[in-house]
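Biologist: Could you take me closely through one hairpin of this model, residue by residue, and then through the packing and ring pairs elsewhere in the structure?

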Amino acid sequence: PSTHESAPDVRVERDGGLAIVTIDRPKALNALSPDVLSALLGVVESLAAEGSAVRGVLVTGAGGRAFVAGADIRSMAGLTPEQGEEASRLGHRVAAAIEGLSAPVIACVDGFALGGGLELALACDFIYATDASSFGQPEVHLGLIPGFGGTVRLPRAVGLARAKELIYTGRRIDTAEAVAIGLVVRSFPDRESLLAGARATLAEVDANAAPAVALAKRVLVDAAGRRTESATDLEIAAFGDAFRTNDMREGVAAFMEKRDPVFTGV
Ligand code: CAA
């Protein structure tokens with residue numbers, strides 16, 4: 001295996017046709033700042049440019065506590081509605097680039113997969129996780145809504161009613177519940193067995209006809225996403241609208257000041 005620093009905060013390790021992409025910003029629980037998202041987009045685009053040389057991809061987080069704890073809240077604090085839309089659009093570009101890879105992509109979650117982190121995992125083909133992980137879309141706690149595809153992909157993964165419950169409450173669920181509702185496909189006792197399990201699955205896939213797998217992926221992604229573009233446009237606009245509210249400013253400020261938010265409903 002060879003490792004090289006591709007871009008700040010995102011590492012790619014190659015082992016033949018396997019690429020292991022690691023979000024490496026542990027001090028902020030791997031939160032997705034615009035820089036991290038741009039780096040991730042660059043990494044995914046360069047994997048795409050390699051074509052069939054890339055046979056499988058694992059996406060994971062560094063530091064032992066989080067996959068990704070969300071979009072970077074600090075970088076969103078002062079955005080205008082238009083900048084909010086831009087922030088959302090960048091996350092959507094990353095998700096679309098991952099879905100556009102012809103090789104299968106497994107999200108390997110060990111720790112928090114929250115907000116934009118869960119949305120990143122949902123853009124992968126499926127999610128494997130350690131038993132000690134947790135999942136949620138806590139954006140409403142901040143006066144925000146999911147902005148990297150959660151309103152579109154979460155209901156596809158778990159059904160509309162469960163997605164509504166998760167998004168309206170912002171509640172965190174553990175791996176056992178995530179497996180029970182079909183959000184996580186397989187669980188593992190620890191990080192080592194998680195990565196080994198994901199590699200074993202990719203090896204099993206790699207024994208099959210690569211063009212067939214790529215074609216199947218294309219149809220599975222596009223069929224599920226037939227109305228993705230119009231659906232994500234709705235999400236982008238609504239995410240920008242959240243930045244018009246006082247509650248969003250209060251929610252984000254409260255997080256940064258480590259206090260409970262006082263929401264007023266406007
Ligand atoms: N953005 C920026 N910084 C974050 C972050 C985020 N999403 N999540 C965690 N951090 C930072 C914390 O601010 C803290 O930094 P400092 O040490 O500099 O204060 C550091 O990571 C460690 O976090 P905590 O001290 O909070 O750790 P904890 O163990 O007490 O709590 C946690 C862990 C429950 C995951 C908590 O960090 C948390 O609630 N994080 C925010 C989760 C969240 O709301 N995610 C959604 C973001 S909005 C979004 O994603 C929008 C979208 O859809 C596009």
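**The E2–E3 hairpin and the packing elsewhere**

Modeller: Along strand E2, residues 10–15, the side chains alternate, with Val-10, Val-12 and Arg-14 pointing to one face and buried, whereas Arg-11, Glu-13 and Asp-15 point to the other face and are not buried. Buried here means under 20% relative accessible area, with exposed over 50% and partly exposed in between, for a 1.4 Å probe and protein chains only; helices (H or I, at least four residues) and strands (E, at least two) are DSSP runs numbered from the N terminus.

The model is predicted, so local features need pLDDT of at least 70 and side-chain atom pairs count only at pLDDT 80 or more, while totals for chains, interfaces and linings use all residues. Residues are numbered from 1 along each chain as its sequence is written, and side-chain values use heavy atoms, with hydrogens and water left out.

Strand E2 runs antiparallel to strand E3, residues 18–23, and six bridges join them, where two strands pair if DSSP finds at least two bridges between them. Arg-11 stands opposite Thr-22 of E3, and in this hairpin, which has two residues between the strands, Gly-16 takes a positive phi near 60°.

Turning to the interior, the largest nonpolar core (buried Ala, Val, Leu, Ile, Met, Phe, Trp, Tyr and Cys residues joined through side-chain atoms within 4.5 Å) has 58 residues, and Val-57, Phe-67, Leu-120, Ile-127, Phe-135, Leu-154 and Leu-183 touch the most other members. Helix H1, residues 34–49, gives the most to this core, with eight residues. Leaving aside residues up to four places away in sequence, Val-57 touches several residues, including Ala-19, Val-21, Leu-47 and Leu-202, contact meaning heavy atoms within 4.5 Å.

As for the rings, the whole structure holds three aromatic pairs; rings of Phe, Tyr and Trp (its six-membered ring) pair if their centres lie within 6.5 Å, and planes under 30 degrees apart count as stacked, over 60 as edge-to-face and the rest as tilted. Tyr-128 and Phe-188 make a tilted pair, 5.4 Å centre to centre with 45° between the planes. Because Tyr-128 lies in strand E8 (residues 126–130) and Phe-188 in strand E11 (residues 186–188), the pair ties together parts that are 60 residues apart in sequence. Tyr-128 is buried at a relative accessible area of 2%, and Phe-188 is buried at 11%. The pair of Phe-239 and Phe-243 is edge-to-face, because the ring centres are 5.4 Å apart and the planes stand at 65°.
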